[in-house]
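Let's take a walk through a structure together. Have a look at the picture, and then we will visit a few places in it.

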There are 2 protein chains.
Amino acid sequence: MTATTQTPDSTAGAPVVPSNGVLRPLGSGEVRLTEGFWARRQQVNRTATLPHALRWMRKLGWIDNFSQAAEDRRGVDRRGREFSDSEVYKLIEAMSWEAGRTRGEDLAREIDLLAKTVAGAQDRDGYLHTAFGGPRQRPRYSDLAWGHELYCMGFLIQAAVAGARTGQAAALLPAARSAADHICEAFGPRGNPGICGHPEIELALVELARVTGSQRYLDQAALFLERRGRRSLPLDHFGSAYFSDDIPVREATVFRGHAVRALYLACGAVDVAVETGDAELLQTVAGQFDRTLASRTYLTGGMGSHHADESFGDDFVLPADRAYSETCAGVAAAMLAWRLLLATGEDRYAEVIERVLFNVVATAISDDGQSFFYANTLHQRTLPRTAPTESEELTVGGGQRAAWREVSCCLPNIARLLAGLNSWVATVDDAGLRIHQYAGADIDTRLADGRRVAVRMSTNYPDDGVVQIRVTKTAPGPWRLKLRRPSWAPLVNVTVNGEPSPSASLYREFATGDLITLELPMKPRFTYPDPRIDAIRGCVAVELGPLVLCAESPGGELDLNTVTVDPATEPGVAGGLSVSGSAMNPTDEPWPYPVATPAPARAPIRIPLTPYHRWARSGPSIMRVWLPAQETRPPMDQGVEQ
Amino acid sequence: MTATTQTPDSTAGAPVVPSNGVLRPLGSGEVRLTEGFWARRQQVNRTATLPHALRWMRKLGWIDNFSQAAEDRRGVDRRGREFSDSEVYKLIEAMSWEAGRTRGEDLAREIDLLAKTVAGAQDRDGYLHTAFGGPRQRPRYSDLAWGHELYCMGFLIQAAVAGARTGQAAALLPAARSAADHICEAFGPRGNPGICGHPEIELALVELARVTGSQRYLDQAALFLERRGRRSLPLDHFGSAYFSDDIPVREATVFRGHAVRALYLACGAVDVAVETGDAELLQTVAGQFDRTLASRTYLTGGMGSHHADESFGDDFVLPADRAYSETCAGVAAAMLAWRLLLATGEDRYAEVIERVLFNVVATAISDDGQSFFYANTLHQRTLPRTAPTESEELTVGGGQRAAWREVSCCLPNIARLLAGLNSWVATVDDAGLRIHQYAGADIDTRLADGRRVAVRMSTNYPDDGVVQIRVTKTAPGPWRLKLRRPSWAPLVNVTVNGEPSPSASLYREFATGDLITLELPMKPRFTYPDPRIDAIRGCVAVELGPLVLCAESPGGELDLNTVTVDPATEPGVAGGLSVSGSAMNPTDEPWPYPVATPAPARAPIRIPLTPYHRWARSGPSIMRVWLPAQETRPPMDQGVEQ
């Protein structure tokens with residue numbers, strides 16, 4: 001790893017601020033989303049999602065739980081699940097990124113009120129949880145596997161870190177330090193040797209160490225990390241892999257068990273590795289992520305195929321119609337990829353982030369920002385029921401975004417990601433400026449050597465592939481502007497002031513007003529699954545730039561369960577995205593496993609396609625990402641060699 | 001329906017005794033398993049499974065819960081889940097069928113002790129449940145959705161019915177009547193309008209009505225049935241379909257939601273229809289079963305594809321590697337098919353029973369009868385961990401049979417089925433004797449007109465397809481011996497004393513000593529999936545007679561995740577069952593969704609096959625039923641017509 005020089009306030013408002021790494025993240029004063037896809041999402045997040053989440057948390061008593069605890073009425077009438085505290089913390093974190101960037105005074109006041117409410121519930125020794133430890137409640141740490149106590153305090157810490165980096169929520173940092181001190185005491189080398197069933201405290205403690213400079217928090221995070229994987233949590237029917245407690249972090253080769261648990265743990269492991277200079281640990285976790293991407297990840301970047309235990313399945317168990325792909329796992333995968341990107345500078349992690357953002361995060365949240373998917377199926381076979389009532393709990397994965405859920409981890413998780421998303425667009429490395437995500441943005445920062453440079457990025461991406469970057473400020477001497485080249489774009493067209501450049505990595509002396517243009521090939525392409533993914537054998541998908549496309553049938557008029565596509569014919573773009581294929585009319589037999597069967601009659605059709613993230617936005621629909629192919633062999637497949 | 005004349009004691013020991021129907025079931029005095037596959041299973045059930053289950057229920061305190069309740073210590077130290085009472089009842093039922101048939105006095109004494117323990121826990125008003133209603137417990141019926149109170153009392157009633165039909169467990173019938181009277185009072189037309197979250201009480205009340213002649217119980221069962229489907233149970237995240245409470249029984253077209261719940265409810269509906277002469281209701285439920293078989297059933301006859309809610313999925317959602325196919329759903333499907341067989345006389349139901357018996361029930365239970373699968377996957381991708389400890393809860397569907405589980409509904413369910421399985425072999429109809437299952441058995445019964453006939457059936461089925469039936473007793477005049485012709489055997493060879501018969505339905509005057517021989521074609525055959533079953537697109541299975549075969553690799557030496565088979569080459573039988581195919585060596589790519597990919601190198605191999613029910617019996621193994629095919633088109637498929 002190459003250390004980068006960092007000035008403290010340059011990263012103000014940045015969600016993750018490692019003290020080491022190839023890349024330096026930019027703070028909210030350095031990069032701003034100005035227009036286009038993500039600027040719009042961030043706007044909806046601010047104006048709609050944050051108030052929506054706050055309204056629901058008030059309505060359901062999750063905030064009142066803190067007030068009750070402060071009044072010493074803890075446990076009298078507590079509402080919500082044992083992890084509801086964490087949702088309030090996530091919301092405060094999201095509001096802090098937002099308020100820090102936009103300097104909204106109303107928001108700042110709201111945050112302060114929430115922070116004081118939360119801090120008021122803290123026990124004198126620093127412990128803070130509304131569901132344990134009160135006179136009428138289960139004792140502290142009596143259920144490490146399922147109690148989510150350290151998990152919740154982890155999110156408290158993250159909210160405090162966000163507050164510290166944005167000048168918000170002044171009451172939270174002392175509360176978080178006090179909680180962290182309590183945890184170091186209670187779970188330190190001579191304390192309770194346990195770990196929390198749901199990892200999260202690890203990454204939170206490292207971030208708190210970064211903010212406070214306190215080694216103690218980093219040490220405790222490292223201790224939690226080393227304790228894990230030794231089967232110390234009580235066994236239940238999900239097994240110890242569910243908790244990533246089956247194999248020590250340093251010995252595992254792939255993520256397994258509960259996807260969000262595994263991914264949060266990995267984030268903490270990267271954070272510890274980066275802060276302690278543990279290159280071996282960093283490499284181990286990167287290897288686990290690699291293997292997970294290679295064999296346990298959906299085309300969308302979604303992770304976790306099991307509904308029952310919200311877990312990764314075995315390698316290549318990736319059913320489309322039972323995809324779980326929890327929204328939070330998408331957020332967590334992006335968090336991990338971001339950490340690995342900062343640590344290594346490898347742009348393939350930025351591509352993972354882009355895939356998850358456009359195909360999981362953008363899918364999960366509704367246009368109005370006020371409802372969300374918890375699970376993200378890749379195949380909706382039947383029309384969901386219309387008009388769910390607000391009080392009715394929707395079936396997870398039932399094809400409808402829900403305004404809220406009893407378990408509503410996903411919405412505030414998206415909210416905090418979107419509120420800080422501007423920071424994920426670009427970084428600074430030793431040679432200059434790196435652009436990781438293509439979005440309308442203003443970037444104004446200092447290079448590693450202190451020179452101040454600024455660029456304005458304009459683009460309709462991903463609606464088209466043209467990205468224009470105007471140098472609006474520069475300094476004498478050359479520096480490098482490095483643009484990410486996606487793996488799906490083997491050839492990209494880069495020009496500087498109209499002159500072709502052989503590379504997307506431009507090292508030169510820039511002048512104010514220079515215009516760099518990148519053209520990415522936005523042509524729909526067929527994608528084939530690894531032959532070991534049984535559930536989508538014989539299918540193809542269509543992608544367009546960073547977007548996974550899907551066939552959608554609003555109202556279910558076209559039965560997508562009985563179509564096949566012809567990958568020999570290129571997808572059409574004129575008159576709307578589509579593929580050519582056929583509709584079959586299979587006979588309903590009394591038993592669906594015949595010894596031999598006549599081919600069902602087929603009629604040629606065109607199947608309209610749409611970006612996956614757009615599905616189910618205009619009423620109930622059926623949808624599928626993977627389409628059965630008439631010819632299933634990829635172009636270069638030459639058949640069986642015997 | 002045609003009413004059949006029945007003498008009361010002829011059906012003694014028969015598990016289900018409708019007062020109407022095309023077929024009359026035979027009692028334990030009329031049909032006995034003598035040798036072969038099912039006689040051995042019944043023997044292991046008697047000598048090993050019953051004592052094993054009793055040992056575990058004692059060890060876990062499930063029986064002690066009753067003693068505590070009797071001592072007015074109910075709820076002080078109750079152990080087990082809220083449905084543990086039902087397991088004790090199921091065990092008593094199993095022991096009763098067993099003791100009734102074998103006249104074992106030790107077993108009879110054991111049953112009496114258990115029956116007295118159970119009956120001692122009953123409240124004065126008839127209510128009996130060890131988890132509710134005590135001074136330290138939740139009030140009666142305070143959680144109809146999840147409390148399993150009526151469910152448990154339903155199994156109490158079934159145990160009492162078994163006792164009454166076998167002369168066992170004398171204490172139970174009064175207890176069951178008292179419980180049923182309480183239920184009729186509490187939930188009658190002017191009582192609590194609720195229903196139990198888990199159906200079971202419906203079929204139990206009808207069986208009790210059959211045993212006692214009390215119309216009241218039948219009326220109450222019918223009332224519960226009519227109340228269901230009106231969304232009266234509180235909604236939770238599984239939705240009302242989970243409880244079959246989304247659509248009234250008479251309006252539904254297919255089984256949905258929790259598979260065991262749906263199937264038990266359907267059994268109760270058939271029982272009510274039969275006893276009330278409601279042909280329309282009978283036809284409705286038969287239609288639901290038809291559609292479920294056509295689109296929501298695994299090749300094995302297993303039902304329920306969701307792990308999370310143990311439910312049927314949408315039509316054609318039948319993933320092999322995430323098959324749930326709960327053992328209890330198999331038992332329940334067989335129970336339903338048996339009821340429909342008796343009511344209609346249609347032998348296709350007997351074929352469903354055979355499929356479930358050989359491929360779900362026989363699979364679930366270990367050779368020693370002391371461990372079982374809860375879920376029955378059709379594809380085990382990875383080697384399960386070896387040597388689970390007895391105290392360790394195994395992951396459901398993790399490829400290992402477990403000695404016991406916290407939720408151990410399946411083992412006693414199999415036990416009661418096997419203990420009474422002899423009754424499922426043959427029936428009597430208006431014309432004579434019907435043979436439904438091919439197994440070594442002695443049958444000695446009276447025809448509908450009172451003539452006494454007896455036959456001895458000898459066979460190694462399904463090891464081979466030869467079934468010999470010797471007439472050992474007959475009476476003057478013709479009668480019909482009707483042998484079931486399986487749908488997979490379009491041509492069967494039937495001879496009477498060596499003379500070919502054109503039909504498997506023999507109407508003639510038989511003489512003592514007549515030998516009827518049936519030869520079923522036992523040649524392995526390829527089976528293809530309906531093209532709408534996405535998860536097994538491009539795969540074939542191999543079946544042999546009633547047996548689903550699987551490829552199994554003990555120790556995982558052959559990687560079954562990377563083989564393909566060639567359905568153009570017939571499966572081999574010499575030197576062991578096998579298919580020819582190839583092994584591929586796919587390249588591990590960093591991302592498993594390439595735009596184009598070279599064909600992996602393949603080498604020809606032979607893939608050994610074994611009956612699915614034999615898998616995982618000699619140590620950890622990997623296994624798959626559905627095999628990717630080199631050529632995926634069924635023989636008669638002539639390709640795309642455009």
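**A guided look at the model**

Before we explore, it helps to know where to be careful: over residues 632-642 of chain A, pLDDT stays under 50, and the model has 27 contacts for this stretch beyond four places in sequence. This is a predicted model, and pLDDT is the predictor's confidence in each residue, from 0 to 100. Chain A as a whole averages a pLDDT of 92, with 94% of the residues scoring at least 70. Residues 1-9 of chain A are another stretch with pLDDT below 50; beyond near neighbours in sequence, they have 19 contacts in the model. The model also comes with two scores, an ipTM of 0.91 and a pTM of 0.93.

Now let's turn to a pair of helices in chain A. Helix 6 (residues 172-187) of chain A and helix 8 (residues 215-227) of chain A have axes that come within 10 Å and cross at roughly 50°. Helix 6 of chain A is therefore oblique to helix 8 of chain A. The crossing of these two helices of chain A is left-handed. Which residues make the contact? Helix 6 of chain A brings A:Arg177, A:Ala180, A:Asp181, A:Ile183, A:Cys184, A:Glu185 and A:Phe187, while helix 8 of chain A brings A:Arg216, A:Tyr217, A:Gln220, A:Leu223, A:Phe224 and A:Arg227. Sorted by character, the residues of this contact are seven nonpolar, one polar and five charged.

Chain B offers another crossing to look at. The axes of helix 10 (residues 279-295) of chain B and helix 11 (residues 327-344) of chain B come within 11 Å, crossing at roughly 135°. These two helices of chain B are therefore oblique to each other, and their crossing is left-handed. On the side of helix 10 of chain B, the contact is made by B:Leu282, B:Val285, B:Ala286 and B:Phe289. Helix 11 of chain B contributes B:Ala333, B:Leu336, B:Ala337, B:Leu340 and B:Ala343. How do the residues of this contact divide into nonpolar, polar and charged? There are nine nonpolar, no polar and no charged residues in the contact of helix 10 of chain B with helix 11 of chain B.

Finally, let's look at some rings. Over all chains, the count comes to 54 aromatic pairs. One of them joins A:Phe155 and A:Tyr264, edge-to-face, at 6.0 Å centre to centre and with 70° between the planes. A:Phe155 lies in helix 5 (residues 149-166) of chain A and A:Tyr264 in helix 9 (residues 259-276) of chain A, so this pair ties together parts that are 109 residues apart in sequence.

Methods:
Residues are numbered from 1 along each chain as its sequence is written. Chains are lettered from A and ligands numbered from 1 in the order in which they are written. This is a predicted model: local features need pLDDT of at least 70, side-chain atom pairs count only at pLDDT 80 or more; totals for chains, interfaces and linings use all residues. Side-chain values use heavy atoms; hydrogens and water are left out. Contact means heavy atoms within 4.5 Å. Axes are lines fitted to C-alpha atoms, for helices over the stretch in contact, and angles run from 0 to 180 degrees between N-to-C directions. Helices (H or I, at least four residues) and strands (E, at least two) are DSSP runs, numbered from the N terminus. Angles under 35 degrees count as roughly parallel, over 145 as roughly antiparallel, 65 to 115 as roughly perpendicular and the rest as oblique. A crossing is left-handed if the near helix is turned anticlockwise from the far one by less than a right angle, and right-handed if clockwise. Ala, Val, Leu, Ile, Met, Phe, Trp, Tyr, Cys and Pro count as nonpolar, Asp, Glu, Lys and Arg as charged, and the others, Gly among them, as polar. Rings of Phe, Tyr and Trp (its six-membered ring) pair if their centres lie within 6.5 Å; planes under 30 degrees apart count as stacked, over 60 as edge-to-face and the rest as tilted.
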